[in-house]
Amino acid sequence: MRGRHRSSYLGLLLLVSQLYQLGLENIPPITLAMLGLNAYLFLFPAAPLMKACVSVHQAYWSGEWRRLLLSPFHHADDMHLYFNMVSFVMKGIRLERRLGSVWFAYVLAVFSLLTGALYLALEAGLTQLTEDQSYSSACAVGFSGVIFALKVLSNHYHPGGVTYVMGFPVSNRYASWVELVLIHITAPGTSLIGHLAGILVGLLYTTGPLKKMMKMGAGELENFFLRYFDIPVKVPVGFGNSSKCNHDFDFSFSRSLEMLYAKEERLMCRTARCIYDGTSTYTGGMTEEEQLAAAIRNSLRETGWHRGRGWLQIITFATMTIFLIKSN
């Protein structure tokens with residue numbers, strides 16, 4: 001979350017380059033869809049940035065609550081989008097494989113709304129405590145609050161690991177807090193409160209009541225579909241069926257979708273070499289980026305993608321480049 005800066009397309013080109021190197025086929029569907037949504041709204045915003053950002057004055061006092069929906073998916077400039085999306089893809093790949101696509105989409109939807117709501121609550125509280133109206137007028141946009149919440153989840157599911165922050169090893173347990181402080185020091189234009197709201201939302205999910213409340217909400221969704229559409233919905237009740245690559249939830253709307261998710265689980269398990277065992281991960285001392293690179297190499301060897309060398313990636317990169325050049 002941050003304020004407005006002048007936009008260019010360098011960050012978007014860098015993002016396309018990163019996707020080219022990573023390979024679109026290595027990104028799970030919900031992560032890829034969310035990435036596409038953020039990129040699309042950067043190119044074709046749903047509202048001008050000053051009408052998409054969220055603040056206490058605009059959302060609460062003026063009643064513009066739609067800003068809670070708009071603000072996470074709009075970015076101040078191209079580099080803001082680039083850094084947020086690269087970080088999101090790294091975390092999204094791991095978490096979507098862990099949680100399953102449907103539950104991960106549910107998590108993203110809840111986190112996007114709740115992070116903005118908690119941001120407003122914190123800014124309103126600071127306004128009351130300090131009697132400084134600048135907290136209520138601070139208007140923020142960006143996906144980084146949600147990314148901080150996802151960072152808490154990722155660290156929760158991989159305890160005991162190490163994250164490198166500016167080249168220094170930091171325990172996963174404290175990595176989010178260290179990054180919160182360092183980002184605020186090195187990039188003063190970012191929203192400290194927005195990032196803090198994301199961390200608190202992540203903690204509400206991992207150690208608080210949020211996960212239980214979301215399960216209850218899924219149960220209500222099941223009742224709704226049964227009552228009005230006579231469609232059976234299998235709500236999350238525990239761990240997935242795979243003994244090697246357990247997911248936290250198995251959530252499907254029909255038998256056909258259940259089979260689709262089972263196939264997706266097998267494909268993702270093969271891509272990641274089944275490094276997840278339910279509650280712990282053996283990483284061999286590798287960092288998150290090194291684990292991701294190893295998983296991609298394994299996937300390329302197993303699928304034979306290196307033989308074609310990624311025509312889809314080349315076409316995507318060329319199309320985006322031509323589009324951006326014409327836009328200028």
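The following dialogue examines how terms are assigned to residues in a predicted model.

Student: Why is Arg 67 called buried?

Tutor: Buried means under 20% relative accessible area. Arg 67 has 2% relative accessibility, so Arg 67 counts as buried.

Student: What makes the contact of Arg 67 with Glu 64 a salt bridge?

Tutor: The criterion is a side-chain nitrogen of Lys or Arg within 4 Å of a carboxyl oxygen of Asp or Glu. The closest N and O atoms of Arg 67 and Glu 64 are 2.8 Å apart, and the pair is therefore a salt bridge.

Student: How do you know whether Glu 64 is buried, partly exposed or exposed?

Tutor: Partly exposed residues fall between the 20% and 50% limits. Glu 64 stands at 29% relative accessibility and therefore counts as partly exposed.

Student: How many salt bridges does a search of the whole structure find?

Tutor: The search finds two. One of them is the bridge of Arg 67 with Glu 64. Another joins the side chains of Glu 179 and Lys 151, at 2.9 Å from N to O.

Student: Why does the pair of Glu 179 and Lys 151 tie together parts that are apart in sequence?

Tutor: Glu 179 belongs to helix α10 and Lys 151 to helix α9 (residues 144-157), so the pair ties together parts that are 28 residues apart in sequence. Both Glu 179 and Lys 151 are buried.

Student: Which residues make the nonpolar surface patch of about 430 Å²?

Tutor: Tyr 60, Trp 61 and Trp 65 make the patch. These three residues also form one aromatic cluster.

Student: Why is the aromatic pair of Tyr 60 and Trp 61 called edge-to-face?

Tutor: A search of the whole structure finds eight aromatic pairs. In the pair of Tyr 60 and Trp 61, the distance is 4.9 Å centre to centre, with 80° between the planes. Ring centres must lie within 6.5 Å to pair, and planes over 60 degrees apart count as edge-to-face. Both conditions are met, and the pair is therefore edge-to-face.

Student: Why do Trp 61 and Trp 65 receive the terms exposed and partly exposed, respectively?

Tutor: The limit for exposed is over 50%. Trp 61 has a relative accessible area of 63% and is therefore exposed. Trp 65 has 44%, which lies between the two limits, so Trp 65 is partly exposed. Trp 65 is placed in the loop between α4 (56-61) and α5 (67-70).

Student: Where does Thr 190 lie, and why is Thr 190 called buried?

Tutor: Thr 190 occupies the loop between α10 (172-186) and α11 (192-206). Its relative accessible area is 16%, under the 20% limit, and Thr 190 is therefore buried.

Student: What makes the approach of the Thr 190 side chain to Ala 187 a polar contact?

Tutor: The side chain of Thr 190 reaches the backbone oxygen of Ala 187 at 2.8 Å. A polar contact requires N or O atoms within 3.5 Å, and that distance criterion is satisfied by the 2.8 Å value.

Student: What is notable about the phi of Glu 131?

Tutor: Glu 131 has a positive phi of about 55° although it is not a glycine. Glu 131 lies in the loop between α7 (101-130) and α8 (134-137). With 71% relative accessibility against a limit of over 50%, Glu 131 counts as exposed.

Student: Which residues of helix α2 are buried or partly exposed, and why?

Tutor: Among them, Leu 35 is buried because its relative accessible area is 3%, and Leu 41 is buried because its value is 13%. Gly 36, at 36%, counts as partly exposed. Leu 35 is placed in helix α2, as is Leu 41, and Gly 36 is found in that helix, residues 29-43.

Student: How far apart in space are Leu 35 and Met 85, C-alpha to C-alpha?

Tutor: They are 6.4 Å apart in space and 50 residues apart in sequence. For Gly 36 and Met 85, the C-alpha separation is 9.6 Å across 49 residues of the chain. Leu 41 and Phe 73, 32 residues apart along the chain, have C-alpha atoms separated by 6.8 Å.

Student: What does UniProt list as "transmembrane region"?

Tutor: The unreviewed entry lists residues 39-60, 103-122 and 174-206. In the model, the span 103-122 is 100% helix, with end C-alpha atoms 27 Å apart. The span 39-60 is 64% helix and 0% strand, with end C-alpha atoms 28 Å apart.

Terms used: Residues numbered from 1 in each chain as written. Predicted model: local features only at pLDDT ≥ 70, side-chain atom pairs only at ≥ 80, totals over all residues. Heavy atoms only, no water. Helix = DSSP H or I, 4+ residues; strand = E, 2+ residues; numbered from the N terminus. Buried < 20%, exposed > 50% of the residue type's maximum accessible area, 1.4 Å probe, protein only. Polar contact = N/O pair within 3.5 Å; in protein donor to acceptor, adjacent residues only side chain to side chain. Patch = residues over 30% accessible without salt bridge, like charges linked within 9 Å, V, L, I, M, F, W, Y side chains within 5 Å. Areas by Shrake-Rupley, 256 points an atom, 1.4 Å probe, with all protein chains shown as cover. UniProt positions renumbered as here; feature names shortened; annotations may be inferred. Phe/Tyr/Trp six-rings, centres within 6.5 Å; stacked < 30°, edge-to-face > 60°.
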